[in-house]
Amino acid sequence: MGAVVFDRQITGQGTLETQWQAWPGLCQLPVVSLDELVPPPCRAVVVAPHPDDEVIGFGGLLELLAARGSPILVIALTDGEASHSGSQQWPPRQLAQARICESLAGLGQLGLPPHCHSRLSLPDGALSDCSEMLAQRLAGLLLPGDVVFSTWQLDGHPDHEAAGQATSRVCSQLGCRHWQAPVWMWHWSRPGDARVPWSLMRRLALPENTLRQKIAALAAHHTQLTPQDTGAPAVLPGFALARMLRGFEYFMPVGATA
Ligand SMILES: [Zn+2]
């Protein structure tokens, strides 16, 4: 975390959830239905740069799809081994194993069986350095007709941006429908920010029980929720969680124009 890409800085506490909730534009974003996002016969594929992104960006969507009985594939691009720099408690290898377990527990909480999960184990923090391999691996997993979800290609975290770009490239080659979700955008941008294509954004309403399951799924990610032995704060502190656990998830179609 703490990454800087151009003017999309992830530092400090960012825009607080109270500021987002005070913005009338947030609840004026058009609502999209589950069937509009993923027409029933289609397989949904979620591309998650780090273990926890599948819950933060798409947990409600996944719970609703699992309950509907839709085919689902979650592709974990990295094992998240770089979230605890300098930690003695969590050296990279042990951290990766813990985060894989957390991710599987979280997906189980959302109603997904383990066989819905595929891991690429690409390097955490360096996806942009292996974008060709990333695209090749994705191309081997995606099928024409899939509806694919990834992080936004301008999300501000380099891995999230690399994931969005590579997914976009492969989806356009295969003819897959592709939606991108903002995750860290809610941190660095502001209400009405001109850097964000608000007119493209759609929001999926999460029923109360779905949101409860999403909160429980995120609670499985213990390593991200507790302060680090280095003195660093939790990767996901309360002010970030407040933005991530709304009653809506947000998606932008790729290839559309504002
Ligand atoms: Zn991430």
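How are the donor residues of the zinc ion spaced in sequence? They follow the pattern H-x2-D-x106-H, and the tour begins at that site.

Before selecting anything, note that this is a predicted model, in which local features need pLDDT of at least 70 and side-chain atom pairs count only at pLDDT 80 or more, while totals for chains, interfaces and linings use all residues. Residues are numbered from 1 along each chain as its sequence is written, and side-chain values use heavy atoms, with hydrogens and water left out.

**Stop 1: the zinc ion**

Select the zinc ion together with His50, Asp53 and His160: the protein donors are His50 (ND1), Asp53 (OD), Asp53 (OD) and His160 (NE2), lying 2.1 to 2.7 Å from the ion. Donors here are N, O and S atoms within 2.8 Å of the metal (3.2 Å for Na, K and Ca), and water is not among the atoms, so sites may look incomplete. The angles among the four donor atoms run from 52 to 140°, and the site is irregular; four donors count as tetrahedral if all angles lie between 85 and 135 degrees, four count as square planar and six as octahedral if opposite donors are over 155 degrees apart and all others between 65 and 115, and anything else is irregular.

Two of the donor residues can be checked for burial, where buried means under 20% relative accessible area, exposed over 50% and partly exposed in between (1.4 Å probe, protein chains only). His50 is buried at 3% relative accessibility, and Asp53 is buried with a relative accessible area of 2%.

Now select Asp52, which is found in the loop between E3 and helix H3 (53-56); helices (H or I, at least four residues) and strands (E, at least two) are DSSP runs, numbered from the N terminus. Phi of Asp52 is near 120°, a positive value in a residue other than glycine, and at 2% relative accessibility Asp52 counts as buried.

**Stop 2: helix H6**

Move on to helix H6 (residues 131-141), whose buried residues are Leu134, Ala135 and Leu138. They lie on the same side of H6, because they cover an arc of only 95° around the axis, the arc being that of the directions from the helix axis to the C-beta atoms. An α-helix has 3.6 residues a turn, so residues three or four places apart point the same way. If you turn to the other side of H6, you find Gln136 and Gly140 exposed.

Show the neighbours next: the buried residues of H6 pack against strand E3 (44-48), strand E4 (72-78), strand E5 (117-122) and helix H7 (158-174). In strand E5, pick out Ser121, whose phi is near 50°, a positive value in a residue other than glycine; with 40% relative accessibility, Ser121 counts as partly exposed.

**Stop 3: aromatic rings**

Select Trp20, Trp23, Trp186, Trp198 and Tyr250, which form one aromatic cluster. Rings of Phe, Tyr and Trp (its six-membered ring) pair if their centres lie within 6.5 Å, with planes under 30 degrees apart counting as stacked, over 60 as edge-to-face and the rest as tilted. By this rule the count comes to ten aromatic pairs. Trp186 and Trp198 form one that is tilted, at 6.0 Å centre to centre and with 50° between the planes. The pair links distant parts of the chain, with Trp186 in helix H8 (residues 185-188) and Trp198 in the loop between H8 and strand E8 (202-205), twelve residues apart. Trp186 is buried, with a relative accessible area of 4%, and Trp198 is likewise buried, at 12%.

Add Arg246, whose charged end sits over the ring of Trp186, 4.2 Å from its centre. A charge sits over a ring if NZ of Lys or CZ of Arg is within 6 Å of the ring centre and within 35 degrees of the ring normal. The charged end of Arg203 sits over the ring of Phe248, 4.3 Å from its centre.

**Stop 4: Pro182**

Finally, select Pro182 in the loop between strand E7 (177-181) and H8, where this residue is buried with a relative accessible area of 6%. Leaving aside residues up to four places away in sequence, Pro182 touches Trp152, Asp155, Met201, Tyr250 and Met252, contact meaning heavy atoms within 4.5 Å. To return towards the start of the tour, draw a line from Pro182 to Glu54, 128 residues apart along the chain: their C-alpha atoms are separated by 12 Å.
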